Amino acid sequence: MTTQNDRVTVRSRRGARLILELVRHQPRTFAVAVSGAAVFAVCTAGSSLGVRWIIDRVIIPRFEEGGVGWTTVLTGCLVIVTISLVRATGVVVRRVYAGKTEWGVAEKLGMKVVGRLVGQPVVWHRRRPDGDLVARAGVDVEASVAVLAPLPYGSSVVLLLAVSAVGMLVLDPVVGAVAIVVLPALVAMNIGYQRLVDTYFNEAQGHMGRLSEAALESFEGVTVVKAFGAEDRETERLSHITAALRDARVKAMRVRATFEMLLDTFPSLANLAVLCLGAVRVRDGHMTVGDLAACMYLFTLLVIPMRLIGYVFSELPHSAAGYGRVMEIVNDPTVEDPAASVRSAPVGAALRLTDATVRHIREVDVFRGVNLAVRDGETVALVGPTGCGKTTLLEAVAGLIPLATGSVEVHQDGTAFVFQEPFLFSESVLFNVTLGRDVDGETLGEAIEVADAGFLLDLERGLETPLGERGVSLSGGQRQRLALVRALVSKPGLLLLDDTTSALDPPTELRVLAAVRASNLVRSVLMVASRPSAISTADSVAFMSGAGSGHTGRARLVQGTHAELVRDVADYRELVEAFENDRGPGAVA
């Protein structure tokens, strides 16, 4: 059975290990900060000698003898000023370099987290909430380095305690011994405080991550929330999380307030006891008034560092909780990028998908054993019922998700993916199209013409017009056409369209798809199609069925011309008839 001492030892080792791991990121600035703190500590303790000298050589003689020589006064003033200047220099050095250490470590930790987030593929990000990842790169990093602010000063506590304790014993062994007895009690209070507050800070840091996650999700879904009148319910949801965070913080602050109250009360009582004992010692002639004043000063120095230790201890659980969440991301193994397994297709082929199987996280097959071929220069329509895995198949071809079995080979010029719901940045139209790439004006102009996106040039500031968050200033069809322009300017060997023209009217859709086929910007097209008008533009059709309805993962993919599939595949014929009845005009000839 684990004893209380064992738990304290484990926490102490964990805290020491955390501090070492943080400091190794900025060892030089930390060493300078500690040196400045050490100078401050020595000068602070040395000030007691100046106090003693002034009282015994200046103040007492002034009262007893009626006067003091100017040389003595100036010497005393010079001693005090010199000590103060050196101590002030130590303070400046400590604070400046402690700040450099804290935020230097924060920068390096933040870069590590961001580097890990950037380095992980899409499939890794889909398993983690965006808000939680944002919290770990921001709030948790700041929490991790919080302990570094008081640490350089705290590192000089041992020196200050040693000098003060020795000084008191030299001035008067009896008073010094009584004062030093107080130290174990103060240390015990600090250890007890750390044990109590540790749990609450861990709990609060977890709630902070959940709150960031929920808040980001709520902001991104503000349109849905308002459209369904769910403002009150969303507010209540966030309130529950905030309340849990508040309760954990209040518990931690209650423990902290109690601890600080004890740090105020207990040393004050001990100070009073030392004063009374010292007065008796002065009366009996065992020490001078200056000795007593110096002892009281040194005793105060014994208490102040203990307050600082308490501050370090109070930040340590907070930092440990944040650092633990940061390192969960930093130490999470890098997931193999599915794009690395995509090979180049042989000459004459735009895509060869062989015996492909994709599984959900829970080891459930989305589809299994699928084969698909797209010849160079061909347009293929991917058709199937809802849920059969059409979008997932495109994502596998694009290298966004891994194959459990099988292989993907694509044209050497790569792929470009246009999602049904394209993501647009709040930057300018030009940034959303190029994403920072160098695109010549001729290519850009042709892509805009092919996508029937001339409206982009008619905006208030043309291509420099900012779009607002997620392209809120554009309609659904305009966003889809802008996303198509973005794909076309990359001149892909295989263009992947995930029902990209669904927000367009049939005539515009036909015009855009015909222009895409005729353009030199793209060689081959694989498109998810749910309209007869879109299917009619394809050279061949890949019909996918089976996985969506039965959830067996045994998707059947049949490839041929539209006429062949209508004639030979009953499921395809029924689906197309349903499309025609639902869409009305625009049926496939």
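**A walk from helix H15**

Start by selecting helix H15, residues 429-434, and pick out Phe431 within it; helices here are DSSP runs of H or I with at least four residues, strands are runs of E with at least two, and both are numbered from the N terminus. Before going on, note that this is a predicted model, with residues numbered from 1 along each chain as its sequence is written. Local features need pLDDT of at least 70, side-chain atom pairs count only at pLDDT 80 or more, totals for chains, interfaces and linings use all residues, and side-chain values use heavy atoms, with hydrogens and water left out.

Is Phe431 buried or exposed? Phe431 is partly exposed, because its relative accessibility is 33% (buried means under 20% relative accessible area, exposed over 50%, partly exposed in between, with a 1.4 Å probe and protein chains only).

Now add Phe423, Phe425 and Leu435 to the selection: with Phe431 they form a nonpolar surface patch of about 340 Å² accessible area together. Accessible areas come from the Shrake-Rupley method with a 1.4 Å probe, and for residues only the protein chains shown count as cover. Patch residues have over 30% relative accessible area and no salt bridge; nonpolar side chains (Val, Leu, Ile, Met, Phe, Trp, Tyr) are joined within 5 Å, like charges within 9 Å. A salt bridge is a side-chain nitrogen of Lys or Arg within 4 Å of a carboxyl oxygen of Asp or Glu.

Next, select Ser428, in the loop between strand E6 (415-418) and H15. Ser428 counts as buried because its relative accessibility is 13%. A polar atom of the Ser428 side chain lies 3.2 Å from the backbone nitrogen of Phe431. Show Leu463, Glu464, Thr465 and Pro466 too: Ser428 is in contact with them, leaving aside its neighbours within four places in sequence (contact means heavy atoms within 4.5 Å).

Move on to the open sheet, where 4 strands run in the order E1-E5-E2-E3 with mixed pairing; two strands pair if DSSP finds at least two bridges between them. Its edges are E1 (343-344) and E3 (365-375), each pairing on one side only. Between E1 and E5 (residues 405-410), which run parallel, there are 2 bridges. Select Arg343 and you will find its bridge partner in E5, Glu409.

For a last stop, go to Pro61 in helix H2, residues 27-65. Pro61 is buried, because its relative accessibility is 14%.

Finally, zoom out: the protein chain has 22 helices and 10 strands, and 46% of its 589 residues are buried.

How values were computed. A polar contact is a pair of N or O atoms within 3.5 Å; within protein, one must be able to donate a hydrogen and the other to accept it, and residues adjacent in sequence count only if both atoms are side-chain atoms.
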